[in-house]
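Take a look at the structure below and keep it in view as you read. We will walk through it piece by piece, from strands to helices to single residues.

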Amino acid sequence: MYVLILFHECIRKYEVYTLNWENDTLDASTLVAAPNAGTIAITSAQSFGSEAKDNSAIRLYRQDGNFIAKIELPSFSLLYFAWTSVTRLLCVSTTGRVLVYSSQGKRKPECSFNMGREALEMGIESCQVFRCQKGKTGLAVLCKTGRFYLTNDCEEVTLWRTREVMGKAASPNCWTVLSKDEQTKVFCAFGNEVYILSREFPSEHVVLPFPTVVKSYTALSISPDKLKVALLSGEGLVQVCSSSFTDIYCEFYSAVGPNVRYFLWCGNEAIFISDSSQCTFTGLDNESLSFSFDSSHAVCQEVDGIRVFSARSHEFFSLVHPSLSQIFSVGSLSPAAFLFIAYMEYTKKNYNAYEYVRMIQNQMHEAVLKCIEGAENSFDPPTQKKLLRAASFGKVFAPDAEVARYTSTCRILRMLNNLRQARCAIPLTYCHVSEEEGVNRVVMHWATENVRNESLSDDLIVSQIRAKSAEFPNLSKAAIAEIAVKFKRTELAAKLLNYEGNLACQVLMLMTLGQKEKALARAAQSKDPELIYFVILKLISSMQRLCDFDLLIRNFEIPFTLYKLYIREDNPQQLKYVFEETDDFLGQAEYHLKCCIEQSLFDVTGKIESAKMAQNCFAVAKDDFFSSQMADYFKLLNLQAEMEEKYGEMLVDCSLRETVKRLFLANEAARAEEMQKQFKISDSQFARWKVEVLAQLSKWQELETWSKSRNFPVSTRALVEIYVDHEKFAEARKLLPRASQEDKLWILIKLGEFEEAASAALQRNDEKSLNRILSLCVIKKSPCHAAVQAMRDRYYSSKRGNK
């Protein structure tokens with residue numbers, strides 16, 4: 001372990017492991033490590049944006065460099081990959097498709113998702129993961145259209161879009177995401193302008209508090225505690241302020257060249273900047289420390305420091321905790337420093353130990369606490385032991401000082417030191433254990449060891465895991481069941497799944513165990529259509545005979561309904577078989593009716609047969625309305641088939657109206673009257689169709705004579721509409737004398753006689769009609785607009801006079 005001194009802060013460098021992998025070229029685009037000392041994922045630079053014919057591959061390693069698995073990504077254009085807080089690997093394509101893998105390299109198809117239609121159609125320019133509340137991991141993408149799409153939880157995806165920056169056609173130079181206090185915002189920089197984007201509010205142009213104005217920003221970074229934001233300009237100037245952009249902390253020029261590869265926070269009080277060979281640590285007091293790397297490296301940020309991976313080593317850099325500075329600083333006068341010195345003198349059997357104890361007798365509680373804190377934040381086991389023994393020595397003089405914390409710290413540090421050993425290779429820090437994700441990793445490792453131990457019975461393991469679940473409710477029993485399957489303990493896996501709260505994970509593992517009926521029952525219990533369809537498709541592909549699947553799925557109402565919806569489009573013949581097997585006559589009728597509609601117009605016989613079968617099914621189902629309707633449709637099809645043979649025209653699937661009009665055109669009036677009786681057509685409707693045919697044949701004299709008859713069943717308005725449609729305005733005007741006052745007004749408006757219509761409306765004091773006529777004059781730009789306006793003004797004048 002090395003300590004690098006800044007002015008107020010110290011940076012601690014600790015060599016965690018000597019690696020034995022063969023990765024000589026590491027950079028930011030090829031290596032990502034899961035948070036809290038999780039799995040490492042590495043891919044070659046050639047895997048990004050590859051064509052469909054090329055296969056991308058990602059290799060997974062433990063923290064000590066030992067190989068775990070290889071993930072093949074066939075026909076996948078990889079853009080970005082990152083880990084979630086629950087150690088799941090997200091692989092994002094250039095079209096927004098997201099594949100999800102476990103830390104063991106196993107695909108999680110039920111967790112895959114996409115980032116929306118715009119990403120699919122237009123493509124993605126860049127993306128980032130970000131941490132949300134309650135340990136959730138979000139994903140944000142910047143589409144090539146310049147719009148941001150985000151989800152705050154990659155486990156339960158709900159997409160949303162930020163507001164746009166008005167007037168900015170190009171994409172931002174750099175951007176990052178801040179999720180804090182139940183609000184998620186995107187910070188993006190266009191040149192030297194910074195904007196805040198959110199879902200609820202318009203884009204906000206930030207007034208930066210810095211005295212120095214830069215040309216453009218190239219990188220943004222938010223501190224782990226989400227209270228500070230650092231901005232890097234193209235000139236190498238680093239500016240640090242609060243995440244609310246109100247308080248300024250510092251400004252300094254970086255000693256690293258223009259080709260910055262990493263711009264990260266080391267803890268919450270120092271910034272790490274690096275290019276291909278040189279790096280600097282800079283505290284908020286502007287004091288910097290620079291050094292060089294011997295080989296290519298990759299850097300990953302943790303909540304309390306950074307991990308640096310090279311071809312041969314894994315190093316961890318973090319800020320030295322204040323308690324350690326108080327104890328080990330040269331000339332320190334803190335109570336903890338005196339207690340540590342007293343203990344060291346005591347081990348040498350030097351009486352000066354008691355002199356130091358007397359000096360801090362009234363501050364012994366504080367000294368013990370600081371020694372415990374120092375041990376918690378030390379990465380070196382010998383130093384931990386010395387500090388804890390010093391705390392124990394101090395407790396002799398203050399027996400009630402931090403009893404519970406001392407015991408807890410001893411237990412946790414013992415566990416952490418064992419986890420760092422090569423057998424586990426999980427180099428967690430005490431800070432990670434205080435995080436929920438770190439605790440879950442430790443508990444999962446404990447569960448794995450129990451499953452691996454063949455001397456423990458299944459029932460004992462289940463009871464132990466259930467007991468732990470009460471203390472750690474987020475413990476995934478499905479993940480432990482997956483490990484049990486790996487060690488061929490399928491019965492144990494089945495028992496564990498009975499206590500899994502996440503139905504999606506439970507269903508997937510039940511499918512893996514071959515418990516198909518139980519998996520379908522659990523999917524139906526979830527009432528999640530996507531999960532149910534996933535199980536249905538898996539069962540269809542795995543079962544050799546489809547009839548066996550049909551017999552199985554009938555026992556589950558919701559899956560059976562969704563299955564019928566699926567095969568309605570995918571396999572209609574199978575849908576007919578299902579309807580027949582379940583005596584669903586309404587379903588059969590619907591199927592035959594659809595076949596009738598989709599049948600070719602040239603296959604008249606097939607249409608008629610389908611219509612007849614649909615009618616029979618409706619009759620068996622005792623649906624009188626649809627049965628009678630299908631009977632009429634069947635008669636109409638037969639009549640149209642006869643007319644096609646007689647007249648040589650396509651009439652099948654024409655409407656009843658078109659069929660009757662075709663008979664009138666063929667001088668088959670008697671046959672048309674038979675159809676009126678057969679299909680119960682009203683006299684007014686039948687006469688209307690006959691009038692339309694007379695107008696189509698230009699038999700205006702015959703139509704006029706018939707319209708003057710006493711029992712003419714067509715309304716005046718309907719007759720006017722037919723005249724106007726054929727531009728027979730004079731004939732339409734002849735109908736004015738026999739029209740009612742209301743119809744007269746309507747006819748004049750229909751004929752475009754706006755001035756005369758306005759006069760009639762004025763005589764009737766019809767304000768509504770006057771306003772409507774005036775509006776029509778404006779729309780049609782009628783020359784009588786002024787006259788109509790004058791009439792309406794006269795109406796309002798007389799109205800006011802009457803008052």
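β19 and β20 form a hairpin with five residues between them, and in that turn Lys-226 has a positive phi of about 65°. Strands, like helices, are DSSP runs numbered from the N terminus (E, at least two residues, for a strand; H or I, at least four, for a helix). The model you are viewing is predicted, so local features need pLDDT of at least 70 and side-chain atom pairs count only at pLDDT 80 or more, while totals for chains, interfaces and linings use all residues. Residues are numbered from 1 along each chain as its sequence is written, and side-chain values use heavy atoms, with hydrogens and water left out.

**The sheet around β20**

Strand β20 covers residues 228–233 and runs antiparallel to β19, joined to it by five bridges. Two strands count as paired if DSSP finds at least two bridges between them. Within this pairing, Ile-222 has Val-229 as its bridge partner, and Ala-219 has Leu-232.

On to the next neighbour: β20 is also joined by five bridges to β21 (residues 237–242), again antiparallel. Here Lys-228 stands opposite Ser-242. The β20 and β21 hairpin has three residues between its strands, and Gly-236 takes a positive phi near 90° there.

How many of the residues of β20 are buried? Six of its six are, where buried means under 20% relative accessible area, exposed means over 50% and partly exposed lies in between (1.4 Å probe, protein chains only). Lys-228, Ala-230 and Leu-232 point one way from the strand, and Val-229, Leu-231 and Ser-233 point the other way.

Zooming out, four strands form an open, antiparallel sheet in the order β19-β20-β21-β22. β19 (217–222) and β22 (248–253) each have a single partner strand, so one side of each is left without a neighbour in the sheet. Neighbouring strands are turned by 15° against each other on average, direction ignored; for such angles, axes are lines fitted to C-alpha atoms (for helices over the stretch in contact), and angles run from 0 to 180 degrees between N-to-C directions.

**Another four-stranded sheet**

A further open sheet has four strands in the order β11-β12-β13-β14, with antiparallel pairing. Its edges are β11 (124–131) and β14 (159–161); each has a single partner strand, so one side of each lacks a neighbour in the sheet. The average turn between neighbouring strands of this sheet is 20°, direction ignored. Inside it, β12 and β13 pair in the antiparallel sense, and Ala-140 stands opposite Leu-150 in β13.

Here are three strand pairings with their bridges:

| Strand pair | Residues of the second strand | Bridges |
|---|---|---|
| β19 and β20 | residues 228–233 | five bridges |
| β20 and β21 | residues 237–242 | five bridges |
| β12 and β13 | residues 148–151 | four bridges |

**Helix α15 and the cores**

Helix α15 (residues 529–542) has 14 residues and reaches 20 Å from its first C-alpha to its last, close to the 20 Å expected at 1.5 Å a residue. That expected span is 1.5 Å times one less than the number of residues. At the start of the helix, a side-chain oxygen of Asp-528 reaches to within 3.2 Å of the backbone nitrogen of Glu-530.

Which residues of α15 are buried? They are Leu-531, Ile-532, Phe-534, Val-535, Ile-536 and Leu-539. The buried residues of α15 pack against α13 (503–512), α14 (516–526), α16 (546–553) and α17 (557–570).

In soluble globular proteins, nonpolar side chains tend to be buried together. A nonpolar core is a set of buried Ala, Val, Leu, Ile, Met, Phe, Trp, Tyr and Cys residues joined through side-chain atoms within 4.5 Å. The largest one here has 86 residues, and those with the most contacts inside it are Leu-339, Ile-480, Val-535 and Tyr-563. Leaving aside neighbours within four places in sequence, Tyr-563 is in contact (heavy atoms within 4.5 Å) with residues including Ile-536, Ile-540 and Phe-549. A second, separate core of 38 residues includes Trp-700, Ile-749, Leu-751 and Ala-761.

**A closer look at Thr-409**

Thr-409 lies in helix α7 (residues 403–419). Is this residue buried or exposed? Thr-409 is buried, with a relative accessible area of 0%. Its contacts, apart from neighbours within four places in sequence, are Ile-372, Glu-376, Leu-388 and Tyr-430.

Notes
Polar contact = N/O pair within 3.5 Å; in protein donor to acceptor, adjacent residues only side chain to side chain.
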